[in-house]
Amino acid sequence: MELSAVCLLGKIQKEKITKELGEDTVNIFVENPNDTGAYNVVLEIIIDKSFNYVETKVTEFKNEYISKYLYKKGSSNGTDFTPTAKITTPEKTFQNKIIKSYEETINAYKKTKDVEFLEKIHNTLISNKDKILSDISKNFDSKKGTILTVVYDNKYIGDLEIFRDKLRQDAVKNYYLIDGKESRNKDKTCSICKEKNKEVYGNANVFKFYTVDKEGYVAGGFKKLDSWRNFPVCLDCAVELELGKRYLDENLSFKFQGRDFYLIPKLVFEKDTERILSILRMLKGELLENTYETMEEIMFKRLQTLENYMSFDLLFYEENNSALNIKLSVQEVLPSRFRKLYECLSNVNQLMQDCPKSEKIRVDFRYLNTLFPRKTHNRYFLEVVDIILSDKRIDYKFIISHITKHIIDKFNEEEGRYFYHESIKSYGFLMYLRLLNVLFKENGQVKNMEKFYWDIKDYNTREELFESFFNENMDFFSSPDKKAIFMVGLLAQKLLNIQMIKEQRTPFVNRLKGLKLGKKDIKRLLPEIQNKFIEYDAQYYKDILALASNYLINAGEKWTVSELDIPFYFSMGMNLERHIKLSNKEEVENND
Ligand SMILES: [Zn+2]
């Protein structure tokens, strides 16, 4: 993964900050504690000029006070960079973040600077602890994000040079201190800008793809302090990386079926940057409003309109204890790919809508999330997303085995209530993969699929209808055995429909073995179904029985379909039965 695209975002931010606020690096390092908009309350512990505790004042968060609050998040166990902190509980935050921060500042500066006034503030906080804590508690509502800070003699933390200096120093130390030990080296090459003879730091990379203490990711040793060897970053790049990450968090972090990812634009022409970034910021706003389409579709739809000379990296990550673990990095996705992703999905959903039986079914990435839930199959989910976005090839066996399991589950759950729905959705998703040309890639690109409903009136014979059906379904029914299984499934459903009408129950379901059907079962079922039709005096499907029988004979003994996929093709026959109209005046109406 290259981080230069992130650094470019950071560089733009740095230039903007410097232009607006001047050269002081404090302005670069300081963070907005209310960046998410969830921390709107600020509790100010007021101390007067003579070091008397006055009150704890409730104020509203002000954007223009960011440099006064002077907030910068530290490690979750330790203090923040200055005595401004987000409240977890009044007691903990006051003691572990505020008081401790004063102590750390006094210790760091007592040899070089006059810290007497800090000691006095510290004393005031300690001697009024009970009163202050009770004042904080009175005004603290755990449901509202609240910031705690100290105001001495009308001066905020950021009005005191000692804290500004500490922020500047510690922000840089943060780039090379690992567990209190230094990881830096002089006269080396920066791994981002490739410049030589630089001082490089070992802890500046916030993207833990290159995590320094996890085996597997990093070439070379795993000693934490040696991490500069693996990802040495110079000061300029470290600052840009930090600002770039902050920009990503605020503007370019999205969710793909609940998984966090950064959408990182890679531009060829820097002059386009501002325009592209403003389009992407709009996307963020649009996502909050639109509820009909999924986030993924809106993203595809927007990004497809951009010019193909730019591309996007998608960085899927998880955040644990403020460490950022990269789970998947998808590289250089072009706007034309997003167009394809969107158009093929629209094609599939148009097909669903065109058939009255499936018009309420929508195919999108929610299906993939159902198939591969985050808790148990996240790896598979991300791998399929990677295949789809990067136009790779999906393994047929892999995807069909999971889909078959899903369909069998639905057949057996809640008396098959969602069997049709989930089978059609599964097939819709497979069609999507096929249209994208990631499934059966070796067979080449297929055209759009034109219909999802087959009516006898368009054909001379039923045989012609089925041959046409098999041909139009994009390589899914590529051999006689698959066709035979499909036909037997369809006939089984026809029989169940007749049973339902004649007996108001469907005892034949018990012959389907919970859909765990093999080759022998298919051969067994055909004569069983035939006998039942005779029994019910419902012999409308003689030609189809003959057709199924023909396919079985053609399949011979060597079936191409794997035993495990048989339930899939069988259930397609059972469910697509509703999508195939065989007679203008069908003798038995379907039971749906
Ligand atoms: Zn550099």
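Which residues have the most contacts inside the largest nonpolar core of this protein? I will start there and then go through two sheets and some helices. Please keep in mind that this is a predicted model.

The answer is Val 233, Tyr 432 and Val 488, and the core they sit in has 142 residues. Helix α18, residues 480–503, gives the most to this core, with 11 residues. I will come back to Val 233 and to Tyr 432.

First, the whole chain. The protein has 592 residues, and 36% of them count as buried. The secondary structure comes to 21 helices and 15 strands. Along its principal axes, the C-alpha trace spans about 105 × 55 × 40 Å. The radius of gyration is 32 Å, whereas a compact globule with this number of residues would have one near 25 Å. If we take the contacts with a separation of 6 or more, 70% of them are between residues 24 or more positions apart in sequence.

Now the sheet with four strands. It is an open sheet, the order is β2-β1-β4-β3, and the pairing is mixed. The edge strands are β2 and β3, each of which pairs on one side only. As a general reminder, strands of a sheet pair through backbone hydrogen bonds, and they can be parallel or antiparallel.

Let us walk across this sheet from the β2 side. Strand β2 covers residues 53–60, and it pairs with β1 in the antiparallel sense over 7 bridges. You can find Glu 44 with Lys 57 as its bridge partner in β2, and Leu 43 opposite Val 58. These two strands form a hairpin with 5 residues between them. In the turn, Phe 51 has a positive phi of about 65°.

The next step is from β1, residues 41–47, to β4. These two run parallel, and 7 bridges join them. Val 41 stands opposite Thr 146, and Val 42 has Ile 147 as its bridge partner.

The last step is from β4 to β3, which is residues 85–86. Here the strands are antiparallel, with 2 bridges. Ala 85 stands opposite Leu 148 of β4.

Is β4 mostly covered or mostly open? Strand β4, residues 146–152, is mostly covered, with 6 of its 7 residues buried. Helix α4, residues 90–109, lies across β3 and β4 and runs at about 55° to β4.

Next, the sheet with three strands. This one is also open, in the order β7-β8-β9, and its pairing is antiparallel. Strands β7 (184–188) and β9 (233–234) are at the edges with a single partner strand each, so one side of each has no neighbour in the sheet. Strand β8, residues 198–201, is joined to β9 by 2 bridges. Val 200 stands opposite Cys 234 of β9.

This brings us back to Val 233, which lies in β9. What is Val 233 in contact with, leaving aside its neighbours within four places in sequence? The list is Cys 190, Ser 191, Ile 192, Val 200, Tyr 201, Ala 204, Asn 205, Ala 238 and Leu 241.

Now to the helices, and to Tyr 432. Helix α12, residues 335–354, packs against α16 at an angle of about 145°, and their axes are 9 Å apart. The crossing is right-handed. On the α12 side, the residues that meet α16 are Cys 344, Leu 345, Asn 347, Val 348 and Met 352. On the α16 side they are Gly 428, Met 431, Tyr 432 and Leu 435. So that you can read such a list along a helix: an α-helix has 3.6 residues a turn, so residues three or four places apart point the same way.

My last item is helix α21, residues 566–576. Why is α21 described as largely enclosed by the rest of the structure? The reason is that 11 of its 11 residues are buried. Among them are Ile 566, Phe 568, Tyr 569, Phe 570 and Leu 576. Polar residues are on the list too, including Ser 571 and Asn 575. What covers the buried residues of α21 includes helices α15 (396–412), α16 (419–435), α18 and α19 (519–535), together with strand β15 (580–581). Two of these have come up already: α16 packs with α12, and α18 gives the most residues to the core.

Conventions
Residues are numbered from 1 along each chain as its sequence is written. This is a predicted model: local features need pLDDT of at least 70, side-chain atom pairs count only at pLDDT 80 or more; totals for chains, interfaces and linings use all residues. A residue is buried if 20 or more other C-beta atoms lie within 10 Å of its own, exposed if 12 or fewer, and partly exposed in between; C-beta atoms are placed from the backbone. Two strands pair if DSSP finds at least two bridges between them. The radius of gyration is taken over C-alpha atoms; the globule rule is 2.2 Å times the number of residues to the power 0.38. Two residues are in contact if their C-beta atoms, placed from the backbone, lie within 7 Å. A nonpolar core is a set of buried Ala, Val, Leu, Ile, Met, Phe, Trp, Tyr and Cys residues joined through C-beta atoms within 7 Å. Axes are lines fitted to C-alpha atoms, for helices over the stretch in contact, and angles run from 0 to 180 degrees between N-to-C directions. A crossing is left-handed if the near helix is turned anticlockwise from the far one by less than a right angle, and right-handed if clockwise.
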